[in-house]
Amino acid sequence: MATVPLPAGEPDSPALRPIQSPILTYLESLHEKFHPVRDGAVADYIPELSKASPDWFAICIATTDGRVYEVGDSRQSFTIQSISKALTYGLALEDNGHAAVLAKIGVEPTGDAFNSISLAPDSGCPLNPMINAGAIAATSLVAGRSQEDKLARLLGVYSLYAGRELTINDDVYSSERDTGHRNRAIGHMLRNFDILEGDPEPPLDLYFRQCSIEIQCRDLSIMAATLANGGVNPCTGERALHANYVESVLSLMTTCGMYDSAGAWVYSVGMPAKSGVGGGILAVLPGQLGIGVFSPPLDAHGNSTRGVMVCEQMSRDFNLHCLRVARSSRAVLRAEYSAASVSSKRVRTEGERRVLDEIGRRARIYELQGDLGFSAMETLLSKLVSASPHIDYAVIDLKRVSLIEKPSAQLLIDLVLRFGENGKTVAFINAQRQSHFLRALEECLGTPELQAHYVTFADLDPALEFCEDALLAGQQSVVAADAEIDLRDHSLCRGLTDDEVDVLRGLVTRSSYRAGEFIVHKGQEANEVFLVLKGEVSVMIDLANGQQKRLSTLSAGMAFGELAVIQPSVRTADVRADNAVLCNVISTDAFETLSRLHPHIQIALLRNLLRNLARMVSRLNQEVATLAE
Ligand code: DON
């Protein structure tokens, strides 16, 4: 049963029900495959636990986006037992810090059973927090004014992991308390070495209670996903563990979580995990998902037999081993091209286009994706460094970057500085989500002079225009934005004689527009062609989010509204004057007149129209080809 919302309409009609997720089908196939397994035995050294049914079996996955998939007895309650050790260790670290906890509890695997009295011979420190000795010590480090306060904090944090309020199974608690002699012995050993600084009974009691907290398999997967998500519960968005301690908890789960079969587990499954004698196994794929498996029969190490099999199978099937060589950092570069092959939405004159086809390669665009850790950053920097002699502008698109790790961010900032020292500029686009990076950039490039070496833009289009304008600056071919041209020099009049232009001059009307004024609106009847003689206009469309997006910017010598003379239609976009604009307007009536009285002028106009459209289409094809690479 995957928790996917149903669209509106007759709720139960199959047509409206989303298809079953293949993930769910996969989990069902796993459940079917391993349910018949009869290996292992239900724990009974804590008598209450022996009441569990060996048939109970559930598999759940929770993603770091908060989606949960569950099959089998996923809502059957059972007690968390040793899985609690990972959560309490995290809380102990939060309450005391790394140093204080490391002074009391080691981080070395024992290779012994979970209830072995594995204490360091000299200090008496339990070797790690995943064996009972270390766990009891960790429980004793949970802060609180009273036993009740400490228990409330424990229950509170566990509930944050699960995303719902958890309670204690008193029968299991009493059963464990009444039979927990071995743990009491461990407690007194710890007292003997001052690992426990007082009567061992209170921390032991707290430990028995934490082990008796009742959960379901679904909770296990969400708890695991919380660790995979850096300590934040992906279903509730609430933080259960400070980000600084997640790595430490996952490290101990990797090396010690499965006790004296930890080695085999890392070898065959390769995910940080923790098991409990209640039959639960929690496994974490950092950054991606959490797995929960529940099945009471245990193997000789105290790990759920079906649970181990399910995790081995899943890890094999989906390459979940976290030491698997991840996709090479080369994947960080989603696309790379120059301003010669991809241009802004500002339509350039033929002269400008020729120059940009030539020098556009001095502006290079790098579209990035994923996490920018050291290796990925190295890939990017090596690209930028090798390109640096040939480019003046590097445009770095962070739209698909999920994270820029702080240490790696510094490397990129150093590059911006180097670029700056060499008179080159770096443009960052879509950097909004990387606020810490932008802040660091600003702080590091403290002076306005240095800050001049980088610019930021909301998206690619204005960044490309910025580079194009910068590259064109000082070039002969550039038409000044406020230059006025005569109809004679308009691209649609190419090839017309002066007399023919005068004929046209007699048929067109002159219209001027203020900056910001809309010249045409989407949906209006299209019955005029506008020949821009002065100024710039932008063609805009409405986006679903209510914002407008620029399709193109046209300047003197260009035209818009051509569809009017090709077929009766309505405007498909708004056209707004970006500054003072002057146009000659050819109405469809005037065009009609031309076709009757001066067909050769009309044909010349249409030929030039098609020629401009053909230039635009070949440009777009080239860009699509570049971006499709
Ligand atoms: O202390 C005990 O023995 C139990 N409360 C917990 C042991 C446990 O879950 C071992 N895990 N596999």
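**Close-up A. Lysine 51 counts as exposed, at 59% relative accessibility.** Its partner glutamate 48 counts as buried, at 19%. (Buried is under 20% relative accessible area, exposed is over 50%, and partly exposed is in between, with a 1.4 Å probe and protein chains only.) The two form a salt bridge, and their closest N and O atoms are 2.9 Å apart. For that label, a side-chain nitrogen of Lys or Arg has to be within 4 Å of a carboxyl oxygen of Asp or Glu. By this rule the count comes to 39 salt bridges.

A quick note for every view: this is a predicted model, where local features need pLDDT of at least 70 and side-chain atom pairs count only at pLDDT 80 or more, while totals for chains, interfaces and linings use all residues. Residues are numbered from 1 along each chain as its sequence is written, and side-chain values use heavy atoms, with hydrogens and water left out.

**Close-up B. Aspartate 95 and arginine 153 meet in a salt bridge.** Here the N to O distance is 2.7 Å. The pair links distant parts of the chain: aspartate 95 belongs to helix 2 (residues 83–102) and arginine 153 to helix 4 (residues 147–162), 58 residues apart. (Helices, H or I with at least four residues, and strands, E with at least two, are DSSP runs numbered from the N terminus.) Aspartate 95 is partly exposed at 25% relative accessible area, and arginine 153 also counts as partly exposed, at 27%.

**Close-up C. Arginine 353 and aspartate 357 form a salt bridge within helix 12.** Helix 12 covers residues 350–359, and the two residues lie four apart in it, about one turn of the helix. Their closest N and O atoms are 3.0 Å apart. Arginine 353 is buried, with a relative accessible area of 9%, whereas aspartate 357 counts as partly exposed at 41%. Elsewhere, a whole network of salt bridges links Arg346, Asp461, Glu465, Glu536 and Arg550.

**Close-up D. Five strands build an open sheet in the order 2-1-8-7-6.** The pairing is antiparallel, and two strands pair if DSSP finds at least two bridges between them. Look to the edges for strand 2 (68–72) and strand 6 (273–275), each of which pairs on one side only. From one strand to the next, the twist averages 10 degrees. Strand 7 (residues 280–285) and strand 8 (residues 289–294) share six bridges; isoleucine 281, for one, has valine 293 in strand 8 as its bridge partner. Helix 11 (residues 305–318) packs on this sheet, touching strand 1 (58–63), strand 7 and strand 8; contact here means heavy atoms within 4.5 Å. The helix direction makes about 150 degrees with that of strand 8. (Axes are lines fitted to C-alpha atoms, for helices over the stretch in contact, and angles between N-to-C directions run from 0 to 180 degrees.)

**Close-up E. Four strands make another open sheet, in the order 14-23-17-20.** This one is antiparallel too. Strand 14 (509–513) and strand 20 (559–560) stand at the edges with a single partner strand each, so one side of each has no neighbour in the sheet. Six bridges hold the pairing of strand 17 (residues 528–534) with strand 23 (residues 581–587), and leucine 531 finds its bridge partner in asparagine 584 of strand 23.

**Close-up F. Valine 575 of strand 22 is a bridge partner of valine 520 and of valine 539.** Strand 22 (residues 574–577) runs antiparallel to strand 15 (residues 518–520), joined by two bridges. Four bridges join strand 22 to strand 18 (residues 537–542), again antiparallel.

**Close-up G. Tyrosine 259 has a positive phi although it is not a glycine.** The value is about 55 degrees. Tyrosine 259 sits in the loop between helix 9 (243–256) and helix 10 (262–268), and it is buried at 5% relative accessible area. Aspartate 194, with phi near 60 degrees, belongs to the loop between helix 6 (181–192) and helix 7 (201–211). Aspartate 194 is partly exposed, at 48%.

**Close-up H. Leu563, Ile566, Leu610 and Leu613 make a nonpolar surface patch of about 340 Å².** (Patch residues have over 30% relative accessible area and no salt bridge; like charges are joined within 9 Å, and nonpolar side chains, meaning Val, Leu, Ile, Met, Phe, Trp and Tyr, within 5 Å. Areas come from the Shrake-Rupley method with a 1.4 Å probe, and for residues only the protein chains shown count as cover.) Helix 19 (563–566) and helix 21 (599–628) each supply at least two of the patch residues. Leucine 613 lies in helix 21 and is partly exposed, at 31%.
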